[in-house]
Amino acid sequence: MEFVDGQTLENMQTATLPHHITTFNIVMTAISAFMRFLTIIMNCCLAYEYWRSESYTYCHWTIMSIVIPLFITTLIYAHVLIASDSGKQPVAHTRQFWRLVASYLFRDASTLNWALKYTEAKRRGDKLAEIECYRRYLKEDCNIGFLRLFDSFLETAPQKILQLAIVLQNTKSLTYVRALTFLVYFLSLAWCLVAYNRSNRLVQLDKYDIGTKGLFVQFWFLLCLTASRTICIAYLASIFPMETFVACLLHLLLCGTVVFIADTPKFAKTALTNYILCLAFGAVYIFIFTPVSDGPTKYKYIIYLLLCFLQNVLACILWIPIYFAIFINAFYIIGIVLMIYYYLECHPGITSAVF
C-alpha cells in the first residue's frame, strides 16, 4: 500500500463528493484521538508498575513495545510529510517536529482538523473549500489508518500477548477488568483492520466502497483470525518465552523479506528504509495478512493462511492442551470460511471471483 498523495484524489475537485463527513464521524475521530493519548499514558504506567514490582523482563518488553513502534511510525509519517511538502515552500524543521510529536500523541488530530474545516466550509456554502477539505480528510485518514496498523500490531499486540501469557501461567490473576481489556483489545484490533481496509478503498476512486454487510463479515473473520493467532502465540509464550520470541522473529524476517522481494514497495527513496518498513509489515503478518500493494491477492492469501494454519496445528499437537487447541483451530477455520464467504458474496469488486 503506497501512501496517498494529493494527486490521487485530484479528480475530486470537479466531481461530486461520494460520501460526506457526518457529526458521528467527527465525534468518533475526536474520541480516537483522545484514546490514543490515554493508551500511551496507560502503557507508560504499566511499564512503571512492572519496574516497581521488580518484573524487569516484563518492564523491558513493555518499553520495547513502546519505543520500536514509535521509531517505525515516526519514520513513516516523516516520509509522508516530506512527500506532501515536496514542490512547496520549505517548511521549518521545528514545525515538522511538532507535527510528528502531535501525530504520535494524538494520531487522529490532523484528521479531526480537516473534518472540522470541512464542516465549517459546508456551513458557509463554500463548495470548493468543502471538496478540498474532504480530499485532505480522506488522505489523512488513510495515512493515519496505515500508522494505526503498526500501533496495533507492534505496540498493543506484544503487550496483550505478555498479559495473556501471565494469565495463562496463573489463571487466578485473571480479573474481570483484565478479561474486559482482552475483549476490548480483540474487538479494537479487528475494527482497526476494517477501518484501514475501508479508508484504503475510499481514496481510490476506481474502487467501490465496502457495504454494511461486507464490513460486518469482514470484522468477524478478522476477529477470528487475529484472536486465534494471538491466543496460540500467548500460550506458547507462557511455556517457552524466548523460543516463542525467536520463532516470531523468524516469521517476521521471512514475511518481511518476501514482501520486499516480491512486492518491492516504494515507501521511501532508500532500499534500507523500504526494507525496514517491510519488516514492520512482517510483524503484522505474524497475526494477519494485509496487502502491501494493489493487485490480485488470492494466491498470497492461500499461501499465508496455509502457513499460519500449519503453524497453529503443529503448536497445538506438540504443546497446547486439547481444549485450547480446539478453540484456536476452530476460530481459525471459522475465520477462513467467513473470509471465503466475504470474497464470494460481499466484496465490492467487479466480479466476486477475483480478489
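How many helices and how many strands does the protein chain have? Colour the model by secondary structure to see: there are 11 helices and 0 strands. This is a predicted model. Followed from the N terminus, the elements run α-α-α-α-α-α-α-α-α-α-α.

Stay with the whole chain for a moment. The protein chain has 355 residues, and 46% of them count as buried. Take the contacts between residues at least 6 apart in sequence: 75% of these join residues at least 24 apart.

**Stop 1: the nonpolar cores**

Select F150, F153, F186, F281, Y285 and I320. These residues belong to the largest nonpolar core, which has 72 residues, and they touch the most other members. Next, show the helices around them. At least two core residues come from each of α2 (56-85), α5 (127-169), α6 (176-202), α7 (212-239), α8 (241-262), α9 (271-284), α10 (298-318) and α11 (322-346). Which helix gives the most to this core? Select α7, which supplies 15 residues.

Now centre the view on F186. Leaving aside residues up to four places away in sequence, F186 touches L164, L223, A227, T230 and I231.

A second core of 10 residues is separate from the one just visited; select Y118, C133, Y134 and Y137, which are among its members. As background, nonpolar side chains in soluble globular proteins tend to be buried together.

**Stop 2: the largest pocket**

Turn on a surface display. Rolling a probe the size of a water molecule over the atoms shows where empty space is left.

The largest pocket holds about 2,000 Å³ of space. To find its centre, select S32, M35, R148, S188 and W191, which lie nearest to it among the 49 lining residues. Helices α1 (23-52), α5, α6 and α7 each give two or more residues to this lining. Select α6 next: the largest share of the lining, 16 residues, comes from this helix. Colouring the lining by class gives 24 nonpolar, 14 polar and 11 charged residues.

**Stop 3: the second largest pocket**

Select W61, M64, P158, F245 and C248. These residues lie nearest the centre of the second largest pocket, which is lined by 32 residues. About 940 Å³ of space lies in this pocket. The elements that give two or more residues to its lining are α2, α5, α7, α8 and α9. How many charged residues does this lining have? Coloured by class, the lining shows 27 nonpolar and 5 polar residues, and no charged ones.

**Stop 4: the cavity**

The structure holds 1 cavity of 30 Å³ or more. Its space comes to about 30 Å³. To locate this cavity, select D263, Y285, F289, P291, V292, S293, T297 and K300, which line it. Y285 was also selected at the first stop, as one of the residues of the largest core that touch the most other members. The lining of the cavity is made up of 4 nonpolar, 2 polar and 2 charged residues.

**Stop 5: salt bridges**

The structure holds 7 salt bridges. Three of them are worth selecting in turn.

Begin with R52 and E49. The closest N and O atoms of this salt bridge are 4.0 Å apart. Where do R52 and E49 sit relative to each other? Both are in helix α1 and 3 residues apart, so about one helical turn separates them. R52 is exposed, with a relative accessible area of 55%, and E49 is partly exposed at 42%.

Next, select D126 and R124. Their side chains meet in a salt bridge of 3.4 Å, N to O. D126 has a relative accessible area of 30%, so it counts as partly exposed. R124 is partly exposed too, at 46%.

Finish with R136 and E132, whose closest N and O atoms are 2.9 Å apart in a salt bridge. These two residues lie in helix α5, 4 residues apart, about one turn of the helix. Is E132 buried or exposed? E132 counts as buried, because its relative accessibility is 18% and the cut-off for buried is under 20%. R136, at 26%, counts as partly exposed. Add R135 to the selection: E132, R135 and R136 are linked in a network of salt bridges.

Key
Residues are numbered from 1 along each chain as its sequence is written. This is a predicted model: local features need pLDDT of at least 70, side-chain atom pairs count only at pLDDT 80 or more; totals for chains, interfaces and linings use all residues. Side-chain values use heavy atoms; hydrogens and water are left out. A nonpolar core is a set of buried Ala, Val, Leu, Ile, Met, Phe, Trp, Tyr and Cys residues joined through side-chain atoms within 4.5 Å. Buried means under 20% relative accessible area, exposed over 50%, partly exposed in between (1.4 Å probe, protein chains only). Contact means heavy atoms within 4.5 Å. On a 1 Å grid over the protein atoms alone, a cavity is a set of points where a 1.4 Å probe fits but cannot get out, and a pocket is an open set with protein on both sides within 12 Å along at least five of seven lines; lining residues have an atom within 4 Å of a point. Grid points are joined across faces, edges and corners, and a volume is the space filled by probe spheres set on the points. Ala, Val, Leu, Ile, Met, Phe, Trp, Tyr, Cys and Pro count as nonpolar, Asp, Glu, Lys and Arg as charged, and the others, Gly among them, as polar.
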